[in-house]
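Work through the exercises below with the sequence and the 3D view at hand. Try each task before reading its solution.

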Amino acid sequence: MNNNPAVRIVILNYNESSYTIDLVKQLEKQTYPSLEIVVVDNASRMQEKDILNHLPANVIKLFSEENLGYARGNNLGIVHETGKRTDYHLILNNDLILDDADFVKKLVHGMIMHPEVAASSPLVDTVAVDQPLEEQIQVRRILSADQMFKLSVPLFTPFIKKLTNYFLYRDQMPFVNKYMHCDSINGAAFIIDAKFIDQYGSLDEGTFLYYEEVILGRKILEANKKCLLNGYTSVKHLQGVSTNSNAKNINRKMEVYKYQSALYYLKKYENIGMFKSSVFVILNEISILLKKLLK
């Protein structure tokens, strides 16, 4: 691999095209020289698709006729043949703000310095969270099936605080200005080795939204590779722009996606049976109802 490995940036767009335009403008200011940008539109409204025509000519635009969700949408950009070599895929949400002109350079440097690592995330500063970056959740541990079951049911949250803190790597905070090996990445922004994709396949397409970090982390662990949290660079995240879901606005559709994705993980990777699966769904439906009532 040469001194400037080729990086393909994949940005998934859904109805908030102005954010994608802004992100591409910010990427044009990056100091890293070997970038290829692919924008995948996930069946946005026609007027939002038209906005993407204002992207620079060198940006590759792919248009899906249906909303493919997170994994399938990003995979469209990952596997698209452009005739150019790709050493790393950099997956970015479109609602990110890049203040660090060396953002890509630092992510690539982290990967080169840690050859045992398959994927790495920067620190993600979630704007909607009223906490300094040093105290924000970034990545998650992959624990036993029973632990992951409990962690994916909001009803249990008040009773498993110690487990939750361990799951969220709170014992390793703060993450700033250090590298940390971890079990997963942050789905809002991560870089992944193209050789890993070639050998083990692209993102698992069994979910529509959510839990992709844990699923990818599990695949990486099973391949005897590691993930890395790169505390030497960060991005701001406007979280919830395209899903319209946050702590103040409970979107039932998004809440269902969350638990369905967790259930997919538990069934595929932890082999939980029909009875536990049914209990899991009931508990999560009760959780959603209580959230609505207590909002």
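**Exercise 1: The cavity**

The largest cavity in this predicted model has a volume of about 70 Å³. Find out which residues line the largest cavity and which helix gives the most to the lining.

Solution.

Step 1. Start with the idea behind the search: rolling a probe the size of a water molecule over the atoms shows where empty space is left.

Step 2. Count the cavities. The search of the whole structure finds 1 cavity of 30 Å³ or more.

Step 3. List the lining. It is made of Tyr70, Ala71, Ile185, Phe190, Leu203, Asp204, Glu212, Ile215, Leu216 and Lys219.

Step 4. Sort these residues by kind. The lining has 7 nonpolar residues, no polar ones and 3 charged ones.

Step 5. Assign them to helices. Helix H3 (69-79) and helix H8 (212-222) each supply at least two lining residues. H8 gives the most, with 4 residues.

**Exercise 2: Helix H8**

Determine how many of the residues of H8 are buried, and name them.

Solution.

Step 1. Apply the cut-off: a residue is buried if its relative accessible area is under 20%.

Step 2. Count. In H8, 9 of the 11 residues are buried, and the helix is mostly covered.

Step 3. Name them. The buried residues are Glu212, Glu213, Val214, Ile215, Leu216, Gly217, Arg218, Lys219 and Ile220.

Step 4. Look just past the end of the helix. There, asparagine 224 has a positive phi of about 60 degrees.

**Exercise 3: Two cysteines**

Explain why cysteine 182 and cysteine 227 are not bonded through their sulfurs, and decide whether cysteine 227 is buried or exposed.

Solution.

Step 1. Recall the bond in question: a disulfide is a covalent bond between the sulfur atoms of two cysteines.

Step 2. State the cut-off: the two sulfur atoms must lie within 2.5 Å.

Step 3. Compare. The cysteine sulfur closest to that of cysteine 182 belongs to cysteine 227 and is 5.5 Å away, so it is too far for a bond. Cysteine 227 is likewise in no disulfide, and the structure holds 0 disulfides.

Step 4. Check accessibility. Cysteine 227 has 1% relative accessibility and counts as buried. Cysteine 182 is buried too, with a relative accessible area of 4%.

**Exercise 4: A strand pair**

Describe how strands E2 and E3 pair and how the chain crosses between them.

Solution.

Step 1. Find the pairing. E2 (residues 35-42) and E3 (residues 60-64) are parallel, with 5 bridges.

Step 2. Pick one bridge. Valine 40 has leucine 62 of E3 as its partner.

Step 3. Follow the chain. From E2 the chain passes through helix H2 (residues 46-51) to E3, in a right-handed β-α-β crossover.

How values were computed:
Residues are numbered from 1 along each chain as its sequence is written. This is a predicted model: local features need pLDDT of at least 70, side-chain atom pairs count only at pLDDT 80 or more; totals for chains, interfaces and linings use all residues. Side-chain values use heavy atoms; hydrogens and water are left out. On a 1 Å grid over the protein atoms alone, a cavity is a set of points where a 1.4 Å probe fits but cannot get out, and a pocket is an open set with protein on both sides within 12 Å along at least five of seven lines; lining residues have an atom within 4 Å of a point. Grid points are joined across faces, edges and corners, and a volume is the space filled by probe spheres set on the points. Ala, Val, Leu, Ile, Met, Phe, Trp, Tyr, Cys and Pro count as nonpolar, Asp, Glu, Lys and Arg as charged, and the others, Gly among them, as polar. Two strands pair if DSSP finds at least two bridges between them. A crossover is right-handed if, with the strands pointing away from the viewer, the path from the first strand over the helix to the second runs clockwise. Buried means under 20% relative accessible area, exposed over 50%, partly exposed in between (1.4 Å probe, protein chains only).
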